[in-house]
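Time to open the notebook again. Today I am looking up how a protein meets its DNA, and a few other spots along the way.

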Amino acid sequence: MGIQGLLPFLKKIHKAVNISQFKGCTVAIDAYCWLHRGAFACADKLALGEKTDMYVYYCMKYVDYMLKCGIKPILVFDGCHLPSKKEVEKSRRERRDLNRKKAAEFLREGRRAEARDCLQKCIDITPQMALELMNVCRDRGVDCIVAPYEADAQLAYLNKSGIAQVIITEDSDLLLFGCKQVMFKMDFHGNGILIEQNDINQVLEIQQGFYTFDKFRHLCILSGCDYLASLPGIGLATACKVFKKTRLTDIRILLKKLSSYLKKNVVVSNEYIENFIKAENTFLYQLCYDPIKRQVVPLNDYPPEIVKDELKYAGSYPFI
DNA sequence: GGCACTTGTTACAT
DNA sequence: TCTCAACAAGTGCC
């Protein structure tokens, strides 16, 4: 998930922080991360359909800690699946089904430890489980937002618009969506690591005056992301080299010249280039909910030259 | 040696 | 019928 290896790649700019440093701030949280960890503890009960709300109280432990620190938490949940992710969803479901069948097999043979192992691999967070957490939060006066599409874009919107000063997640994609401050790996003591957008070029080392955030987004997409698989043999380090060499800003032209930058033959089809643009549009214009205006808006304003057709598959064009 | 990619382990809690 | 895994170590390529 996210960008393969992005967090270790940015190690140089990791800052050890404690959430209590953000006293007085509003912090938006990728609720799925906590739900998933909480569900892990009761994977067997969930898989066997036994009643449990352990995952809700796991999440509330974090919420209560933040309230105690004088922080205002906002929990953000995923909404609709992106049309472009249909195939991914299908393969995940198939993998879960397979593990569920294997678990049943192990149980019949009395091999309980192996069965539990498989049950943990087929954890899925249902909308029902998310709803239970939302209900407990709302009873406690804690705000929750369900994103029109992915929570990632919604979290970025809250951060960019100044509603939330910090984002808590485990997904490196949040940096690509344009968050200013993202905290990863937060534990029960509130300890975690902070990555700030302003520090990114300390790692990329693109020549002063030529670095833009667009280049960071481009090199991440090129290295492979959720919306577009990488070209064979290209990861973060190789993608970064390309953007250090060139001053081209037109990504279509840059991609066509990829072979000359890499000094090896890479096939860049027109289809790949079009899919690259669609992937980027998903990072730029995915639909979000503005809780102040009370309406659905794109993460960033549409530029005048945008081609509506390119947005259709990206959950970024309204009224489709 | 640096890099991309594969594989095995851990996560949770009692 | 129901929402996303991440990391370290090891391998093999250029």
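I began with DNA strand C: of its atoms within 4 Å of the protein, 68% are sugar or phosphate and the rest belong to bases. A note for myself: this is a predicted model, where local features need pLDDT of at least 70, side-chain atom pairs count only at pLDDT 80 or more, and totals for chains, interfaces and linings use all residues. Residues are numbered from 1 along each chain as written, chains are lettered from A and ligands numbered from 1 in written order, and side-chain values use heavy atoms, without hydrogens and water.

Next I looked up who surrounds the strand. I found 15 residues (near: a heavy atom within 4 Å), with Met1, Asp78, Arg96, Pro127 and Lys185 the closest. By class, six are nonpolar, none polar and nine charged.

Then I checked individual atom pairs. A side-chain N or O atom of Asp78 sits 2.8 Å from a base nitrogen of strand C, and for Asp30 the distance to a base nitrogen is 3.3 Å. Arg92 places a polar side-chain atom 3.3 Å from a sugar or linking oxygen of the strand. Helix H5 (86-108) and helix H7 (127-139) are the elements giving two or more residues to this surface (helices are DSSP runs of H or I, at least four residues, numbered from the N terminus). H5 gives the largest share, four residues.

Last stop, Gln197: buried or exposed? I have it as buried, at 12% relative accessible area (buried is under 20%, with a 1.4 Å probe and protein chains only).

Conventions:
Buried means under 20% relative accessible area, exposed over 50%, partly exposed in between (1.4 Å probe, protein chains only). A polar contact is a pair of N or O atoms within 3.5 Å; within protein, one must be able to donate a hydrogen and the other to accept it, and residues adjacent in sequence count only if both atoms are side-chain atoms. Ala, Val, Leu, Ile, Met, Phe, Trp, Tyr, Cys and Pro count as nonpolar, Asp, Glu, Lys and Arg as charged, and the others, Gly among them, as polar.
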